Amino acid sequence: MPAALKIDLITLFPGMVSGFLAESMIGRGIERGILDIKVHNLRDWTNDKHHITDDRPFGGGAGMLLKPEPLFEAIEYLHTPECSVIFLTPDGEPLNRSFSRQLAAKKRHLILISGHYEGIDQRVRDNLVDYEVSIGDYVLTNGTLAAAVLIDSVCRHVPEVLGEEKSLTQDSFADNLLSFPQYTRPAEYRGMCVPEVLLSGHHEEIEQWRKERSLEKTRIRRPDLLNKKEPQS
Ligand code: 6GU
């Protein structure tokens with residue numbers, strides 16, 4: 001059976017994600033053949049002796065840009081008719097749950113490009129890239145960890161990857177509310193007690209308590225979510 005989702009990541013730093021891809025839900029998804037995730041070194045698509053991938057910007061200025069040739073050749077090699085190409089960049093559109101879910105639901109093949117934080121030649125962006133994505137308002141030294149974040153957030157929406165694990169319906173954000181506090185045994189630890197209501201067995205009261213705690217936390221931390229009509233899912 002073909003994988004539910006195929007992802008090719010092009011990066012200068014493949015070692016940054018090898019541990020991530022071997023562990024936990026993603027690691028199991030790959031092991032079980034549900035995910036087909038390959039990491040490619042951009043240097044493999046250079047043709048010169050020194051395997052140069054970057055150069056100085058025309059017009060001057062600080063920093064180095066990824067050259068167009070290796071990226072064009074890499075993407076042409078990995079391209080399939082159904083693939084979407086995503087460039088991870090701090091000036092991209094902010095990643096959110098809705099976008100991750102859509103990718104998981106609609107796409108069978110993603111090619112991810114991770115660049116220097118200084119950027120890549122605009123011709124790659126204009127001609128090859130379908131989506132430009134950022135994971136937040138801060139700058140990382142390169143996009144490889146951002147690509148790992150995107151992979152993680154998309155793959156957990158692939159139904160076969162989630163498997164027996166917890167349903168996604170109780171996630172933070174599922175109904176535009178942050179999650180309520182949770183406790184497990186022991187009921188008392190070093191004098192710290194679990195809220196009485198959770199031990200009471202009264203399901204309606206428990207639901208009510210959880211809803212109130214969620215609302216309270218959301219009001220304090222993310223009041224912007226309370227004004228949203230539609231849940232992000
Ligand atoms: Cl996608 N790349 C880099 N280099 N920095 C980021 C980012 C991406 N998203 C937030 N910061």
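**Exercise 1.** In this predicted model, locate Pro186 relative to the neighbouring secondary structure, and determine which residue is joined to Pro186 by a cis peptide bond.

*Solution.* Step 1: Pro186 is found in the loop that runs between helix 7 (159-162) and strand 8 (188-189). Step 2: the cis bond links Arg185 to Pro186, with omega at about 5°.

**Exercise 2.** State where His51 lies and what is notable about its phi angle.

*Solution.* Step 1: the loop between strand 2 (35-41) and strand 3 (54-55) contains His51. Step 2: His51 is not a glycine, yet its phi is positive, about 55°.

**Exercise 3.** Give the bounds of the domains into which the protein is divided and the separation of their centres.

*Solution.* Step 1: domain 1 covers 5-155 and domain 2 covers 172-226. Step 2: taken over C-alpha atoms, the centres of domain 1 and domain 2 are 38 Å apart.

**Exercise 4.** Describe the site of the ligand and the composition of the shell around it.

*Solution.* Step 1: the ligand occupies the largest cavity. Step 2: it is surrounded by 13 residues, of which Thr89, Ile135, Gly136, Tyr138 and Leu140 are the closest. Step 3: sorted by class, the shell comprises 8 nonpolar and 5 polar residues, and no charged ones. Step 4: strand 5 (84-94) and strand 7 (131-134) each contribute at least two shell residues. The largest share, 3 residues, belongs to strand 5.

**Exercise 5.** Identify the protein atoms that lie within 3.5 Å of a ligand nitrogen in the cases of Ser134, Tyr138 and Leu140, and state how much of the ligand's accessible area the protein covers.

*Solution.* Step 1: for Tyr138, a backbone N or O atom is 2.5 Å from a nitrogen atom of the ligand. Step 2: for Leu140, a polar backbone atom is 3.0 Å from a ligand nitrogen atom. Step 3: for Ser134, the atom is an N or O of the side chain, at 3.4 Å from a nitrogen atom of the ligand. Step 4: on its own the ligand has 290 Å² of accessible area, and the protein covers 99% of it.

Terms used
Residues are numbered from 1 along each chain as its sequence is written. This is a predicted model: local features need pLDDT of at least 70, side-chain atom pairs count only at pLDDT 80 or more; totals for chains, interfaces and linings use all residues. Side-chain values use heavy atoms; hydrogens and water are left out. A residue is near a molecule or strand if one of its heavy atoms lies within 4 Å of it. A polar contact is a pair of N or O atoms within 3.5 Å; within protein, one must be able to donate a hydrogen and the other to accept it, and residues adjacent in sequence count only if both atoms are side-chain atoms. Accessible areas come from the Shrake-Rupley method with a 1.4 Å probe; for residues, only the protein chains shown count as cover. On a 1 Å grid over the protein atoms alone, a cavity is a set of points where a 1.4 Å probe fits but cannot get out, and a pocket is an open set with protein on both sides within 12 Å along at least five of seven lines; lining residues have an atom within 4 Å of a point. A molecule sits in a cavity or pocket if more than half of its atoms lie within 2 Å of its grid points. Helices (H or I, at least four residues) and strands (E, at least two) are DSSP runs, numbered from the N terminus. Ala, Val, Leu, Ile, Met, Phe, Trp, Tyr, Cys and Pro count as nonpolar, Asp, Glu, Lys and Arg as charged, and the others, Gly among them, as polar. Domain bounds come from an automatic or database domain assignment.
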